[in-house]
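Hello,

Here is the structure we talked about handing over. Please open it alongside this email; my notes follow below.

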Amino acid sequence: MKITRIQAVPISFPVPANKSVTLGIGRSVKRDAVLIRVDTDEGLTGWGESHHGRCPGAIAKLIDTTLSELVLGMDATDVNGVWARVYKMQIASHGMGAAAVLALSGLDQALWDIRCQQANQPLYRMLGGTSKPIKAYAGGIALGWQEPESLVQEALGYISDGYRALKLRMGDTPKKDIARVQAVRKAVGDDIEILTDANTNYTLEAAARVLPAFAEAQVAWLEEPFPPQDRHAYATLAKMSNVPLAAGENHYTRYEFDTLIEDNCVRYLQPDLSKTGGITETMRIAAMAGAKKLTVNPHTSATAINMACSLHLLCGVDNPGYFEGDVTGLNPFRDHLAGQVAYKLDSNGCVSPPEGVGYGLTLDMDFIKSHPLIEGPCYV
Ligand SMILES: [Mg+2]
């Protein structure tokens with residue numbers, strides 16, 4: 001079954017001011033995603049999601065031109081072969097680094113969709129797993145830099161929805177961050193897991209200042225205190241921290257995860273299936289992590305496609321960690337792209353993958369057409 005056509009479809013929606021959230025990377029003003037459609041000579045069509053890389057038009061162009069030309073005519077079910085060709089011809093040498101890996105990630109998901117359709121099987125089964133409950137936390141673009149009282153109200157809402165874990169956005173001043181964590185811990189009691197994410201916005205000094213209070217509040221992880229390349233800062237912080245560190249949403253391919261695992265500073269790995277090289281590469285990363293007794297806790301991108309693929313993958317590996325539930329107030333990519341949400345929370349705060357062939361979603365073509373690309377930055 002040969003690949004006959006590859007087409008990228010960048011999509012966007014504006015975030016109105018009253019739904020905007022401020023976090024360590026800025027204030028959200030729109031959301032983007034790049035969908036990838038792959039057609040075959042046997043009439044099967046697969047869809048995947050590439051992360052936008054903050055320039056969705058550029059990622060789409062890369063897919064439509066270079067990646068498309070490199071893999072047209074290849075066997076659509078040969079996910080390893082396609083991955084290896086794009087790596088060799090585009091990524092290994094002066095191939096625009098992260099942008100090419102983002103582009104490959106969505107292409108890889110579309111090929112897995114086709115593999116599943118050919119076998120008439122759900123993705124979790126093709127990955128060697130079965131459907132099972134995966135514990136979820138309330139994440140996405142939510143629980144931001146608010147006053148503690150407002151943050152507590154938002155947190156209690158997610159707990160009443162059924163979540164048993166939630167992630168607070170940090171990376172503000174240490175004083176404000178500590179006040180937020182302490183207020184939420186006091187309000188939710190001891191049985192709820194509190195995770196924190198600085199979105200790379202801490203200095204070493206700021207991170208060192210918040211850690212004792214975070215440990216006191218039994219924070220279960222501190223995510224991305226620093227950008228991924230600040231390996232020395234991670235090593236310094238890990239030595240002084242009682243709070244485990246998490247990272248991975250900005251690490252690309254098994255090669256960067258190899259370094260991350262080898263550095264031995266981060267206890268929770270968070271590959272994003274739309275960023276790090278797709279399903280194929282995240283399975284490899286999961287296997288590498290498993291050898292070091294680490295779990296995979298995929299970072300969630302924008303649409304139901306990424307969410308469903310992440311859930312299937314968590315059911316297909318033997319070291320699943322948390323699923324990042326997207327509790328963003330406004331996200332039509334989550335709610336309407338497929339006419340159904342990718343997951344439902346059960347009474348234990350767990351989620352299961354959607355049932356059906358592939359990742360279990362049928363996309364709404366009218367929705368895709370009615371959400372064309374909006375140029376410009378998504379955080380300001
Ligand atoms: Mg994060």
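Which spacing do the donors of the magnesium ion follow along the chain? The pattern is D-x25-E-x25-E. Please keep in mind that this is a predicted model.

**The metal site**

The protein donors are Asp197 (OD), Glu223 (OE) and Glu249 (OE). They lie 2.0 to 2.2 Å from the magnesium ion. The two glutamates link distant parts of the chain, being 26 residues apart. Glutamate 223 sits in strand β9 (residues 219-223). Glutamate 249 belongs to the loop between β10 (245-247) and α9 (253-263). Buried or exposed? Glutamate 223 and glutamate 249 are both buried.

**Two domains**

The chain splits into domain 1 (3-120) and domain 2 (125-363). Their centres, taken over C-alpha atoms, are 22 Å apart. In the contact between them, 38 residues of domain 1 meet 42 residues of domain 2. An interface's size is often quoted as the accessible area lost when the parts come together. Here, about 3,400 Å² is buried between domain 1 and domain 2. Carbon and sulfur atoms give 69% of that area.

**The sheet at the start of the chain**

Now look at the open sheet of three strands. Its order is β1-β4-β5, and the pairing is antiparallel. β1 (3-14) and β5 (45-50) are the edge strands. Each has a single partner strand, so one side of each has no neighbour in the sheet. On average, neighbouring strands are turned by 20 degrees against each other, direction ignored. Helix α1 (residues 56-71) packs on this sheet and touches β1, β4 and β5. The direction of α1 makes about 175 degrees with that of β1.

Strand by strand, the pairing looks like this:

- β1 and β4 (residues 30-40) are antiparallel and share 11 bridges.
- Isoleucine 11 stands opposite alanine 33 in β4.
- Phenylalanine 13 has arginine 31 in β4 as its bridge partner.
- β4 and β5 also run antiparallel, joined by six bridges.
- Isoleucine 36 has glycine 48 in β5 as its bridge partner.

The hairpin of β4 and β5 has four residues between the strands. There, glycine 43 takes a positive phi near 85 degrees.

Why is β4 described as largely enclosed by the rest of the structure? Of its 11 residues, 10 are buried, so the rest of the structure largely encloses β4.

**Helix α2**

Helix α2 spans residues 79-91. Its buried residues are Val79, Gly81, Val82, Trp83, Val86, Gln90 and Ile91. What covers them? The cover includes β1, α1, α3 (97-119), α9 and α10 (278-291). Helix α9 also appeared above, at one end of the loop that holds glutamate 249.

**Threonine 173**

One more residue to find on screen is threonine 173, in the loop between β7 (165-169) and α6 (174-188). Threonine 173 is partly exposed, with a relative accessible area of 37%. That value falls between the cut-offs of 20% for buried and 50% for exposed. Threonine 173 and alanine 207 are 34 residues apart in sequence. In space, their C-alpha atoms are 9.8 Å apart.

Best wishes

Key:
Residues are numbered from 1 along each chain as its sequence is written. This is a predicted model: local features need pLDDT of at least 70, side-chain atom pairs count only at pLDDT 80 or more; totals for chains, interfaces and linings use all residues. Side-chain values use heavy atoms; hydrogens and water are left out. Two strands pair if DSSP finds at least two bridges between them. Axes are lines fitted to C-alpha atoms, for helices over the stretch in contact, and angles run from 0 to 180 degrees between N-to-C directions. Contact means heavy atoms within 4.5 Å. Donors are N, O and S atoms within 2.8 Å of the metal (3.2 Å for Na, K and Ca); water is not among the atoms, so sites may look incomplete. Buried means under 20% relative accessible area, exposed over 50%, partly exposed in between (1.4 Å probe, protein chains only). Domain bounds come from an automatic or database domain assignment. Buried area is the accessible area (1.4 Å probe) that two parts lose on being put together, summed over both.
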